[in-house]
Amino acid sequence: MTVLMALYQRSLALDEQVAHWGGAALGLFLRLYVGWQFFKAGMVKIADWSATLALFREEYHVPLLAPELAAYLGAAGELVLPLLLFAGLLSRPAALALLLVNCMAVLSYPQLFSFECPAAINDHFYWGVMLLALAVYGPGRISLDAWLGRPLR
């Protein structure tokens with residue numbers, strides 16, 4: 001019985017290391033992956049600003065905001081917030097703000113629900129889940145947030 005307990009204790013130590021470093025790696029992966037999706041969208045917006053403004057005037061219907069303001073805020077959010085995620089700096093607020101951008105994109109463009117291919121709305125759902133996980137669990141130990149939050153010795 002003591003051999004089984006020793007094996008069990010070793011498995012707990014391994015579990016702790018996997019949780020510690022696996023969670024850090026997962027946080028880094030999520031930050032880079034979801035941040036890249038939004039950063040690419042922001043780059044597309046600024047690549048042809050007149051087309052972006054036309055889309056916000058004619059296709060996207062952002063509640064409570066003028067189309068031009070919505071275009072500027074959307075592009076700024078998609079360019080700045082991913083940079084914070086990449087660095088792991090202010091990660092929880094950045095993830096929550098990108099979650100808001102993601103929700104606003106879905107609400108503003110109801111055609112996402114009517115496409116033959118459900119990938120468009122599914123992508124937004126997956127990104128939302130990833131951003132929610134980052135907001136709840138944080139960026140992990142491979143982040144500036146973790147480094148800056150360490151106690152000074």
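Visitor: Which residue does R57 meet in a salt bridge?
Guide: R57 pairs with E68 through their side chains, at 2.8 Å from N to O. The model here is a predicted one.

Visitor: Where do R57 and E68 sit in the chain?
Guide: R57 is in helix α2 and E68 in helix α3, eleven residues apart, so the pair links distant parts of the chain.

Visitor: And R57, how exposed or buried?
Guide: R57 has a relative accessible area of 45%, which makes R57 partly exposed, since exposed would need over 50%.

Visitor: What about E68, buried or exposed?
Guide: In between: E68 has a relative accessible area of 31% and counts as partly exposed.

Visitor: How many salt bridges does a search of the whole structure find?
Guide: Two. Besides the pair of R57 and E68, there is a salt bridge between K45 and E78, with the closest N and O atoms 2.8 Å apart.

Visitor: Which helices hold K45 and E78?
Guide: K45 lies in helix α1, residues 2–47, and E78 in helix α3, residues 67–87. The two residues are 33 apart in sequence, so their salt bridge ties together separate parts.

Visitor: Is K45 buried or exposed?
Guide: Buried: the relative accessibility of K45 is 15%, and the cut-off for buried is under 20%.

Visitor: What is the relative accessible area of E78?
Guide: E78 has 8%, so E78 is buried as well.

Visitor: Why would such side chains pair at all?
Guide: Side chains of opposite charge can pair when their charged atoms come close.

Visitor: Switching to S50. Which helix is that in?
Guide: S50 is in helix α2, which covers residues 49–58.

Visitor: Buried or exposed?
Guide: S50 is exposed, because its relative accessibility is 54% and the cut-off is over 50%.

Visitor: What does the side chain of S50 have a polar contact with?
Guide: The side chain of D48, at 3.0 Å.

Visitor: Now α5. How many residues, and what span?
Guide: Helix α5 has 19 residues, 119–137, and reaches 26 Å from its first C-alpha to its last. That is close to the 27 Å expected at 1.5 Å a residue.

Visitor: Which residues of α5 are buried?
Guide: I121, H124, W127, G128, M130, L131, L134 and A135.

Visitor: What covers them?
Guide: The cover includes α1, α3 and α4, the last of these being residues 91–108.

Visitor: What follows α5?
Guide: G138 comes after α5, with a positive phi near 85 degrees.

Note on methods: Residues numbered from 1 in each chain as written. Predicted model: local features only at pLDDT ≥ 70, side-chain atom pairs only at ≥ 80, totals over all residues. Heavy atoms only, no water. Helix = DSSP H or I, 4+ residues; strand = E, 2+ residues; numbered from the N terminus. Buried < 20%, exposed > 50% of the residue type's maximum accessible area, 1.4 Å probe, protein only. Polar contact = N/O pair within 3.5 Å; in protein donor to acceptor, adjacent residues only side chain to side chain. Salt bridge = Lys/Arg side-chain N within 4 Å of Asp/Glu carboxyl O. Expected span 1.5 Å × (residues − 1). Contact = heavy atoms within 4.5 Å.
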